[in-house]
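Work through the following exercises with the sequence and the structure open beside you. Try each task before you read its solution.

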Amino acid sequence: MQEAANKTILVLGGYGHFGARIVRALAASPGIEVIAAGRHPHKAAANLPGVDLAQVRCIAVDSHGPDLAGQLRASGAGLLIHAAGPFQGQDYTVARACIDAGLDYIDLADGRQFVVDFPAQLDAPARAAGRSVISGASTLPALSTAVVDALATQFDVLSDVDTVIAPAQATPLGLATVRAVLGYCGQSFPVWWQGRWQPVVGWGNPQAVQFAQLAPRLAAACEVPDHDVLLQRYPQLQGVRFRAALELPLLQRCLAALAWLRSHGLPMPMAALSGLFARCGRWFDRFGSELGGMRVSVQGLRAGLPHSVQWELTAPMLHGPEIPTFAAIILARRWAAGQPLPPGAHVCAGLVELAEFEAEFARWDIHSEITPHAAH
């Protein structure tokens, strides 16, 4: 928890795809001093358009370098936001360095094991040091669990949660995001469905999904923390499903083809393919739109009868990439206002309410609505 006078926030990966957005938002927040940190501070001017760099301190911090805790302590920051993904395959070096240096910590991780194992790995040292460290302050699981929490009030018993994210084709893609996506493409992982753990293949077997505001899309399974976090939060659930739906069927089928080849043992240079896929994807932008969305469908029982409710979000004008930053921004502003973050190590589930996200949606003309469905 921060010292009373310290309102300095360091954004690691502050020149990157999501980090730059967080720097921009916090720099516009009164009373907060922002440090944009990364390995290449000379990139700040190009990657932080619209930000008055006179108001933002840009420093070099290498998370893989020696004495990271010393670098963080010397920065004078009281809170670090870790936006330097992908988190799949990362360890907890940055969070541990924050604890050692006396900083609180928030990350945007959506790597399944990284987020799920976070509390067990870091709770004891964080509490001993009097620090708050939080993982998963992103669309998943922070926003997704906030939606389920809000919808759960309409049920006596929850049975199934089905989430689909549908990015706009023209959405800018960070290389870290593409690497994360391709990392589990074609790999088998367990999901809780029909009351038991079942294997699925990442990005394999795409199926049609419907949206209220978007055209129908194909959606395929992705490995995300929600598979475990929602089941821990609602043990009565019989199914937790998460899928992603690209706007263009051709690209979705290309991913499915890669998944099939990899699942059948063909060695695939996924790191090299990440850069290629990111570049080639841009060739198809003319065939897509600037409209993205997200849908969370919840089923269960109310008054003894089957009941279902759907929450759907629509993000226009390529504003979708702002959404993964909202939870971290909300928590950072709370921290800077002197409201203590919870001590110890936590997954970001239940820490930000849906109403707080909706206030951020309004800033970006992002629309969301809850639609009750008739009992069936």
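**Exercise 1.** Determine what handedness the crossing of helix 11 and helix 12 has, and describe how these helices pack in this predicted model.

*Solution.* Begin with the crossing itself: where helix 11 meets helix 12, the crossing is right-handed. Next, turn to the geometry, in which helix 11, covering residues 326-336, packs against helix 12, covering residues 354-363, at an angle of about 110°, and the two axes are 10 Å apart. Because angles of 65 to 115 degrees count as roughly perpendicular, helix 11 is described as roughly perpendicular to helix 12.

**Exercise 2.** Find which residues of helix 11 meet which residues of helix 12, and sort them by class.

*Solution.* On the side of helix 11, the residues are Phe326, Ala327, Ile330, Arg333 and Arg334, and they meet Glu356, Phe357, Glu360, Phe361 and Arg363 of helix 12. Sorted by class, the contact of helix 11 with helix 12 has five nonpolar and five charged residues, with no polar ones.

**Exercise 3.** Locate the cis peptide bonds that precede Pro86 and Pro141, and say where each proline lies.

*Solution.* It helps to recall that most peptide bonds are trans. The bond from Gly85 to Pro86, however, is cis, with omega near 0°, and Pro86 is found in the loop that runs between strand 4 (79-82) and helix 4 (93-101). The bond from Leu140 to Pro141 is likewise cis, with omega near 0°, but here the proline belongs to helix 6, residues 139-152.

**Exercise 4.** Decide whether Ser144 is buried or exposed, and list its contacts beyond four places in sequence.

*Solution.* Ser144 is part of helix 6. Its relative accessibility is 1%, and since buried means under 20%, Ser144 counts as buried. Once the neighbours within four places in sequence are set aside, Ser144 is in contact with Thr139, Asp226 and Met294.

**Exercise 5.** Examine the phi angles of Trp203 and Asn205, and then decide for each residue whether it is buried or exposed.

*Solution.* As background, most residues other than glycine have a negative phi. Trp203, although not a glycine, has a positive phi of about 65°, and Asn205, also not a glycine, has a positive phi of about 50°. Trp203 sits in the loop between strand 9 (196-201) and strand 10 (207-209), and Asn205 lies in the loop between strand 9 and strand 10 as well. For the last step, Trp203 has a relative accessible area of 3% and is therefore buried, whereas Asn205, at 60%, is exposed, because exposed means over 50%.

Notes
Residues numbered from 1 in each chain as written. Predicted model: local features only at pLDDT ≥ 70, side-chain atom pairs only at ≥ 80, totals over all residues. Heavy atoms only, no water. Helix = DSSP H or I, 4+ residues; strand = E, 2+ residues; numbered from the N terminus. Buried < 20%, exposed > 50% of the residue type's maximum accessible area, 1.4 Å probe, protein only. Contact = heavy atoms within 4.5 Å. Axes fitted to C-alpha atoms, helices over the stretch in contact; angles between N-to-C directions. Parallel < 35°, antiparallel > 145°, perpendicular 65-115°, else oblique. Left-handed = near helix turned anticlockwise from the far one by under 90°. Nonpolar A, V, L, I, M, F, W, Y, C, P; charged D, E, K, R; others polar.
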